[in-house]
Amino acid sequence: MSVQGKKILVTGAAQGIGRGIALRLARDGADIALVDVKADKLAAVQAEVQALGRKAATFVADVSQRDAVYAAVDHAEQALGGFDVIVNNAGIAQVKPLSEVLPQDLDRIFGINVNGVVWGIQAAAAKFKARQQKGKIINASSIAGHDGFAMLGVYSATKFAVRALTQAAAKEYAADGITVNAYCPGIVGTDMWVEIDERFAELTGAPKGATYKKYVEGIALGRAQTPEDVAALVAFLASSDADYITGQAILTDGGIVYR
């Protein structure tokens, strides 16, 4: 399994799972285009990738903005000298009872988690076609894209949507030699889960850390997931070993949701 020499764009790459994916792909021999809204943290990840002996380019973009995503893909191609894979990783969580969800809540989370994936699929597929080459599109779904979770109803809806988009895009682009898959993490020890836990504490009165602990205790393998666990699956999907896999949303959660 290798991505040696591949040119790969990762959105949401400044921290957490995105950073873990970028570093794993760099260790495996890929050059990385790092995209995020957090310019300062992007620079730090760029230095980490370069320390591994690989090229790294950064681009500050809000993935909810279509033109910004297209510009990021153009920049990746120019800066790295090619374009082979996009990882549509950027996403946000939203903990709120459905009874309290407001229009602006829907606009924000769908704009990033769903629209951002659509723009990434479009931009990457257009670039692969323009370059007259095959390519890979890898999207971030979640265990919440397989089961709807209480207080995470809208977030779950966005991740179900990513699964649907992944399947539809796989069918639409198969004839062009473009594969489209998704990865579905579980309870990952990142800043996102710190925010989720704090929000649950506010809503339910549970002590801080209790919600995170409860979910981790439900993992069959007995520990929280790391960004590196997620990155291992993404590295496989980005490699030639996954050339015959498309339209799949693969769970990587240590044993929480079973399909």
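Where is K7, the opening stop of this tour? Select K7 and you land in strand β1, which runs over residues 7-11. Bear in mind as you click around that the model is predicted.

**Stop 1: K7 and what surrounds it**

Show K7 as sticks. Despite being a lysine, K7 is buried, because its relative accessible area is 15% and the cut-off for buried is under 20%. Now bring up the residues it touches. Leaving out anything up to four places away in sequence, these are D31, L80, G82, F83, D84 and V85.

**Stop 2: zoom out**

Hide the sticks and go to cartoon for the whole protein chain. You should be able to pick out eight helices and seven strands. The radius of gyration is 17 Å, close to the 18 Å that the globule rule gives for 259 residues, so the chain is as compact as a globular protein of that length. Turn it along its principal axes and the C-alpha trace spans about 55 × 35 × 35 Å.

Colour by burial next: buried residues account for 52% of the 259 in the chain. If you draw contacts with a separation of 6 or more, 71% of them join residues 24 or more positions apart.

Switch on the surface. The accessible area comes to about 11,200 Å², and carbon and sulfur atoms own 52% of that. For a charge view, colour the 26 positive and 27 negative side chains; the centres of the two sets are 4 Å apart.

**Stop 3: the annotated stretch**

Select residues 6-186. An unreviewed UniProt entry places the feature "domain: Ketoreductase" on this range. Within the selection the chain is 49% helix and 19% strand. Put a distance between the C-alpha atoms at the two ends and you'll get 27 Å.

**Stop 4: Q15, just past β1**

Which loop holds Q15? Look between β1 and α1, the helix covering 16-27. Q15 is partly exposed, with a relative accessible area of 25%. Setting aside neighbours within four places in sequence, Q15 is in contact with K38, K41 and D191. Try a distance from Q15 to K41: the two are 26 residues apart in sequence, yet their C-alpha atoms are 7.2 Å apart.

**Stop 5: A71 on α3**

Jump to helix α3, residues 66-80, and select A71. A71 counts as partly exposed, at 30% relative accessibility. Add V60 to the selection: A71 and V60 are eleven residues apart in sequence, and C-alpha to C-alpha they are 10.0 Å apart.

**Stop 6: two positive phi angles**

Finish with some backbone oddities. Select Q132, in the loop between α4 (103-130) and β5 (135-140). What is its phi, given that Q132 is not a glycine? The angle is positive, at about 55 degrees. On the surface view, Q132 is exposed, with a relative accessible area of 75%.

Then follow the chain through β5 to M151, which sits in the loop between β5 and α5 (153-173). M151 is another residue other than glycine with a positive phi, here near 70 degrees. Is M151 buried, partly exposed or exposed? M151 is partly exposed, with a relative accessible area of 28%.

Definitions and conventions:
Residues are numbered from 1 along each chain as its sequence is written. This is a predicted model: local features need pLDDT of at least 70, side-chain atom pairs count only at pLDDT 80 or more; totals for chains, interfaces and linings use all residues. Side-chain values use heavy atoms; hydrogens and water are left out. Helices (H or I, at least four residues) and strands (E, at least two) are DSSP runs, numbered from the N terminus. Buried means under 20% relative accessible area, exposed over 50%, partly exposed in between (1.4 Å probe, protein chains only). The radius of gyration is taken over C-alpha atoms; the globule rule is 2.2 Å times the number of residues to the power 0.38. Contact means heavy atoms within 4.5 Å. Accessible areas come from the Shrake-Rupley method with a 1.4 Å probe; for residues, only the protein chains shown count as cover. Lys and Arg count as positive and Asp and Glu as negative; His and the chain ends are not counted. The place of a charge is taken as NZ of Lys, CZ of Arg, CG of Asp or CD of Glu. UniProt positions are given in the numbering used here, feature names are shortened, and annotations may be inferred rather than shown by experiment.
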